[in-house]
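These exercises ask you to work through a structure by strands, pockets, cores and single residues. Try each task with the sequence and the model open before you read its solution.

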Amino acid sequence: MLVGDLATDTGTTTDNGKTWTFTLKDGLKFDDGTQVTAEQVKYGIERSYDKTKTGGPNYVQTWLSGPDYAKTYPGPSGGSLPDSILEAKGKTLVFHLKEAHADFPFAVAWPSTAPVQQSKDGKDYDRLPQSTGPYKIASHSDTAMILERNPYWDPATDPLRHNYPDGWKFEFGVQSQQTSQRIAAQSGSDRNALTLTTQIDASFVPQSQTDPDLKARTVSGMTPYVRYFNINTTRITDLDVRKALYTAFPKQQLRQVYGGSTYGEIATTILSPATIGYQAYNPFPELPATGDPAAAKAILDKAGKTGTKIVYAYAQDDIGEKGALLIAAALQKAGFDVVKKPIDATSYLDAVIKKDNGFDLYTGGWSSDWPSGAGTIPALFQSSNADGSYNYSKLDDPLIDGEIQRVNQLPGIIEQGKAWAALDKKIMEKVPVIPFADTRSTLLVGSNIGGAFIGTTSSALSPLNIYLKSGG
């Protein structure tokens, strides 16, 4: 259920979804004690228009200013957004959308509407943003981030969150196997350890299912997150080549690398089964989950494309290396010339999100920002998102863009759901992605961790109610 966060409620609309008004709660403060105002929320939104700041949801910007929002307004360097688009005064914000969007309250729940003090903005802000929540950043480097309690956070303004632990220490770049080893062994302070997103390593899966201690410390649940392998459609322009990539792809074998059934179920659709209006289908119903390199080779041979070079990019970690060997072997058997391109895991997203990234095939995933196709399909396949945003396949199709716009305007969530499911099938006719897995989160936690559960809107362990059963 959606509830107000900084706002008192989920907003009101005066014209069926085109104009939305929100009121901020009393007592909201930044971690330096400064009161939060509507003007600071507006500045944060203006900041998100700046195309040099890649990544992040862009529903709000797009719905306010259109798909080419960065061309209409460059960000704070161009002054303020006019009141005809976004009004901000004291505790009140009024959004004037170009078109009606019944699900706009879901869109403003995401970080693109986080308030920012203009005086605090600068080159380090992305690394050290201010907090309005229960914790603030004490330090942040490439290898670790330390959070400490925010003394200006008032729990009376925030019934959703708690600050039970004194603080948090995040370690970055720890490999999957090492993470599982440390939490399983739980030496010293690792009895207080958990991972928010790193799945239990495949090598620990049998033990976690039979060892009573590990079984008791395993947290599992299906998620709305779908894993894909993206095909760069600006480089792989031939549809037959994309079909051959899909046909050869070793889904079942790769799932075993990721952890087998603990990782999830084989996917054949863009949308998650958790999506309103979801329809199960398989675009290649005769294809086994193991892939069929011989059939893929026949497709390439007929199209005269045997020997097509494929640059496969992947995050350079243990699972990435194992998966790359499997994928390269299957594609080479199908007649592709495969070049493996490992990328440092800390910079992988920055590398593949660029339109001219130099890669043909690379992994990615998506968890709908809310349980509607509006939270998935526009982000992944609208042409305006092809550079610096989440259209990883770089699909640029006017017919798909037009249908996205039409479906977004449908008045009812059920009607929209059916239309998004139909568009899922239409997009897959173009094979811009290889759906891989509807994921299950299966994570290990230390024995001193309480309150752990998988978030219903993400693939991560939720930090909301985490506490230590005894002193740290």
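**Exercise 1. Find which helix gives the most residues to the lining of the second largest pocket, and then describe that lining.**

Step 1. In this predicted model, helix 14 gives the most to the lining of the second largest pocket, with a contribution of four residues.

Step 2. The elements that give two or more residues to this lining are helix 2 (59-65), helix 13 (377-381) and helix 14 (398-408).

Step 3. The lining consists of 21 residues, and those that lie nearest the centre of the pocket are Thr 62, Trp 63, Pro 67, Glu 99 and Gln 382.

Step 4. Sorted by character, the lining residues of the second largest pocket comprise eleven polar, seven nonpolar and three charged, and the volume that they line is about 330 Å³.

**Exercise 2. Trace how strand 4 pairs with strand 3, and how strand 4 pairs with strand 2.**

Step 1. Strand 2 (residues 19-23) and strand 4 (residues 92-96) run antiparallel and are joined by five bridges; within this pairing, Phe 22 stands opposite Leu 93.

Step 2. Strand 3 (residues 86-89) also runs antiparallel to strand 4, and four bridges join the two, with Phe 95 of strand 4 as the bridge partner of Leu 86.

Step 3. Strand 3 and strand 4 form a hairpin that has two residues between the strands, and in the turn Gly 90 has a positive phi of about 65 degrees.

**Exercise 3. Identify which members of the largest nonpolar core touch the most other members, and follow the contacts of Phe 104.**

Step 1. The largest nonpolar core has 97 residues, and those that touch the most other members are Phe 95, Phe 104, Phe 229, Leu 331, Phe 336 and Leu 361. Strand 10 (residues 309-315) gives the most to this core, with six residues.

Step 2. Leaving aside residues up to four places away in sequence, Phe 104 touches Trp 20, Phe 22, Val 60, Trp 63, Phe 95 and Leu 97. Two of these names return from the earlier exercises: Phe 22 stands opposite Leu 93 in strand 4, and Trp 63 is one of the residues nearest the centre of the second largest pocket.

Step 3. Another core lies apart from the largest one and has twelve residues, among them Tyr 135, Leu 147, Leu 443 and Ile 454. As background to both, nonpolar side chains in soluble globular proteins tend to be buried together.

**Exercise 4. Establish which strands pair with strand 8, and in which sense.**

Step 1. Strand 8 (residues 218-231) is mostly covered, with ten of its 14 residues buried.

Step 2. Strand 8 pairs with strand 13 (residues 433-444) in the antiparallel sense over ten bridges, and in this pairing Gly 221 stands opposite Ser 441.

Step 3. Strand 8 also pairs with strand 12 (residues 361-367), again in the antiparallel sense, over seven bridges; here Tyr 228 stands opposite Gly 364.

**Exercise 5. Decide whether Asn 16 and Lys 394 are buried or exposed.**

Step 1. Asn 16 lies in the loop between strand 1 (12-13) and strand 2, and has a positive phi of about 60 degrees although it is not a glycine.

Step 2. The relative accessible area of Asn 16 is 75%, and because exposed means over 50%, Asn 16 counts as exposed.

Step 3. Lys 394 lies in the loop between helix 13 and helix 14, and Lys 394, although not a glycine, also has a positive phi of about 60 degrees.

Step 4. The relative accessible area of Lys 394 is 1%, and because buried means under 20%, Lys 394 counts as buried.

**Exercise 6. Place Gln 199 in the chain, classify its exposure, and list what it touches.**

Step 1. Gln 199 lies in the loop between helix 5 (176-185) and helix 6 (205-210).

Step 2. With a relative accessible area of 16%, which is under 20%, Gln 199 is therefore buried.

Step 3. Beyond residues up to four places away in sequence, Gln 199 touches Ser 176, Ser 180, Thr 262, Tyr 263, Arg 440, Ser 441, Thr 442 and Leu 443. Of these, Ser 441 is the residue of strand 13 that Gly 221 stands opposite, and Leu 443 is among the members of the core of twelve residues.

Notes. Residues are numbered from 1 along each chain as its sequence is written. This is a predicted model: local features need pLDDT of at least 70, side-chain atom pairs count only at pLDDT 80 or more; totals for chains, interfaces and linings use all residues. Side-chain values use heavy atoms; hydrogens and water are left out. Two strands pair if DSSP finds at least two bridges between them. On a 1 Å grid over the protein atoms alone, a cavity is a set of points where a 1.4 Å probe fits but cannot get out, and a pocket is an open set with protein on both sides within 12 Å along at least five of seven lines; lining residues have an atom within 4 Å of a point. Grid points are joined across faces, edges and corners, and a volume is the space filled by probe spheres set on the points. Ala, Val, Leu, Ile, Met, Phe, Trp, Tyr, Cys and Pro count as nonpolar, Asp, Glu, Lys and Arg as charged, and the others, Gly among them, as polar. A nonpolar core is a set of buried Ala, Val, Leu, Ile, Met, Phe, Trp, Tyr and Cys residues joined through side-chain atoms within 4.5 Å. Buried means under 20% relative accessible area, exposed over 50%, partly exposed in between (1.4 Å probe, protein chains only). Contact means heavy atoms within 4.5 Å.
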